[in-house]
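When several protein chains are set side by side, it is worth asking how they touch and how they are related. Please look at the sequence and the model below before reading on.

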Number of protein chains: 4
Amino acid sequence: MQFKDLVSENKKDWLKVVKHPFVDEIYRGKLAEETFKFYLIQDHYYLNQSMRNMAILISKAENLKQKQQLIDILNIEANVEFAKYQELLEYYSLEVKSAEEMKMTYSNIAYSNYLLAVSSQAGFAEGMAALIPCYWIYLKMAEYHHHKLKENDNQIYQDWATVFKSSDYKELVENMVEILEKEIETKNFKKLNYHFKNSIKFEYQFFSDVYQRKIWEI
Amino acid sequence: MQFKDLVSENKKDWLKVVKHPFVDEIYRGKLAEETFKFYLIQDHYYLNQSMRNMAILISKAENLKQKQQLIDILNIEANVEFAKYQELLEYYSLEVKSAEEMKMTYSNIAYSNYLLAVSSQAGFAEGMAALIPCYWIYLKMAEYHHHKLKENDNQIYQDWATVFKSSDYKELVENMVEILEKEIETKNFKKLNYHFKNSIKFEYQFFSDVYQRKIWEI
Amino acid sequence: MQFKDLVSENKKDWLKVVKHPFVDEIYRGKLAEETFKFYLIQDHYYLNQSMRNMAILISKAENLKQKQQLIDILNIEANVEFAKYQELLEYYSLEVKSAEEMKMTYSNIAYSNYLLAVSSQAGFAEGMAALIPCYWIYLKMAEYHHHKLKENDNQIYQDWATVFKSSDYKELVENMVEILEKEIETKNFKKLNYHFKNSIKFEYQFFSDVYQRKIWEI
Amino acid sequence: MQFKDLVSENKKDWLKVVKHPFVDEIYRGKLAEETFKFYLIQDHYYLNQSMRNMAILISKAENLKQKQQLIDILNIEANVEFAKYQELLEYYSLEVKSAEEMKMTYSNIAYSNYLLAVSSQAGFAEGMAALIPCYWIYLKMAEYHHHKLKENDNQIYQDWATVFKSSDYKELVENMVEILEKEIETKNFKKLNYHFKNSIKFEYQFFSDVYQRKIWEI
């Protein structure tokens, strides 16, 4: 079994994520600014959790080269990514507080803690299978929607989307996929597929909650 | 700050859980059998995850007596609780498979992994604050709905509900609350409240998904 | 590869543990009382750490029956074992404090934290391979030295040693070995052997430090 | 309580590390080449474990700035540090294999797993208290022995030692101490001191085993 089997097994689901109106509208430049601001705040929390998750996976990586690759990604997230968020947050005069003080969506809390649970409790392979959708799906989104950027006159959305079409981003995702590829066996495929599928579905829930600006209330 | 502050801060939310139609109907003996069967299968998975979570908390407990109390609870779950489930599963001819092969609700996956993430990543106090709602709410449910059992002529629902009104169950919950009580400080209250609140909300989502027999699909 | 391969690969080392003068003297009833008291205090700390370790392994066990077996062992340790220690500590008027306040041997700190590191960081199979020597070696000690108990007139040492010759203890060890047996593959044998070997060597260091009543000082 | 209290409480012990003949001889340029080569191989394994440990601490850091500082250090270790080792290993034609295939010292296995156990099982503060000695002690060694470098005509030892006297290294250590400083309270001081003290003692054991080129055998 290979990574391409994870991709084909979950095609129906990940295509739903790729085609989500949130994604379509941001590429067309039509997404409501309030929705983008809502997304920024949610994703800032998610990124923070995701960095914790990456650190756990680094602690479990046995191969030195793989460890270095993941450390490079973590380093980019901690410096480049966060700086980019900081700029956008300041541009929109948004304030970010601690998780306990922010209003989060249901899917944001559910997804980010799911990743932490899998990486902490299961092994490296399963943690990687759960983590990868969050990177890989942005590549598929770029492939699918990129042509819409020509008519997009929202500079901020343009800049946001352009990153995921860069060769740097493509290489980052390919490196992660390569790391997972080495872990896939017939024996663990069902488990890896389970985590891959769940994360794909969480991606959908994440976009849906954000698109509806739906804070978790019961 | 004390446990009663967690209770009063989240009263609006936990009352919603207590009054959920699933709970009302099971106490009245009116819950659709298909829904109860759906619940059994979901809760079987949840209990399995919950035992893993309890084990993590045991590994972090510093006080010997507290550790022994949590081991006692884990032991009851692993033997008494699971045996009870086994009987019911057999009675209804239900088959339970591994997580990867079962169809789970969104809230079940989200809630059970949230607990694992908090216990693995945060400290003992936070893990206990996240764990307790799942035990404590069944006590509140019993207090609120118990009088309805008189007219309940479904023996299985009767038996299910009677457990939570027993003095043994009350003592179990009181022991857990006492363990958490010792951990509550002014300094960590906001965090403990955050996890307590999230778990209360997850309880609601759990009942809602089960009541609608809603498998996670996107 | 099987458990018996771990046993044969490490025979030279585990025989050294079995034949350690501490073990010989306790079976003959000749061990200095001060040494036994020193052992009790060291082992009390070790047992506490070992219970934390068992709890981590329980949280990682995937098979329900295996999980129940490990919970049973943890339950026995937390109740039967600790009660036995409590009696002996009272008999000798020994006081046990927290780890920070006790004077521990080098090997005690090293060994018990080694187990915690393997169980936390590596998977279930490796954690079991590291854990088992501590149970299994006491069985081998009983087989090798048991005949000496006839001339042992120290009732306390008699009682201590008799436990490890009981059918209950044998069954406990066999259950653990059976759990590990299912995890052994050609692919992971080198790693499992590494952890098994290290724990055997730690057992030797533990007895040596205790026999010399050698608190860790530099 | 402050970091300086940890320093003064453990002065007798850390001075023993600083004055260890291994350290004296490397600064004087008199250390046997075989011993340095032995040290390189042991430290290569230790650095690998130490990076895993740092990753666990990153996953537990709550403050974003602190997290970024620790990620910077991890990044330096994974790239600069390892490259430096690679050069030295090639220069001496030394081959490094996996932990299971290398012959390690007792203290190396004990120390590196102690760090992993504390970071995994205890909280961020305790993990930092256990980790810091390994960085901080090299600063104290540089202060104490630096004048000896003038007469040191071994270029490799010169280069090795010079790093720890650089302003970059001083800043790295000061940043780590500052992170720990914020975590020290009267309430947790005894625990933090326990871990700080143990790591200082492990540093001594590490140098002693290396100085004697003493592979762990029983």
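Across the interface of chain A and chain B, two salt bridges are found, a salt bridge being a side-chain nitrogen of Lys or Arg within 4 Å of a carboxyl oxygen of Asp or Glu. In one of them B:Glu101 pairs with A:Lys190, and their closest N and O atoms lie 3.1 Å apart. This is a predicted model, in which local features need pLDDT of at least 70 and side-chain atom pairs count only at pLDDT 80 or more, whereas totals for chains, interfaces and linings use all residues. Residues are numbered from 1 along each chain as its sequence is written, chains are lettered from A and ligands numbered from 1 in the order in which they are written, and side-chain values use heavy atoms, with hydrogens and water left out.

The interface of chain A and chain B also holds eight residue pairs in polar contact, both residues being at pLDDT 80 or more; such a contact is a pair of N or O atoms within 3.5 Å, where, within protein, one must be able to donate a hydrogen and the other to accept it, and residues adjacent in sequence count only if both atoms are side-chain atoms.

Four helices of chain A each supply at least two residues of the side that touches chain B. Helices here are DSSP runs (H or I, at least four residues), numbered from the N terminus.

| Helix of chain A | Residues |
|---|---|
| Helix 2 | 11-18 |
| Helix 4 | 33-60 |
| Helix 6 | 106-121 |
| Helix 11 | 189-211 |

Helix 6 of chain A gives the most to this side, with ten residues.

The contact (heavy atoms within 4.5 Å) takes 29 residues from chain A and 29 residues from chain B. The area buried between the two chains, meaning the accessible area (1.4 Å probe) lost on putting them together and summed over both, is about 3000 Å², and carbon and sulfur atoms give 63% of that area. In chain A, the residues that lose the most area to chain B are A:Tyr106, A:Trp216 and A:Ile218, together 26% of what that side buries.

How are the copies related? A rotation of 180° with 0.0 Å of shift along its axis superposes chain D on chain B, with an RMSD of 0.0 Å, the fit being by least squares on the C-alpha atoms of residues with pLDDT of at least 70 in both. That is the relation of a two-fold axis.
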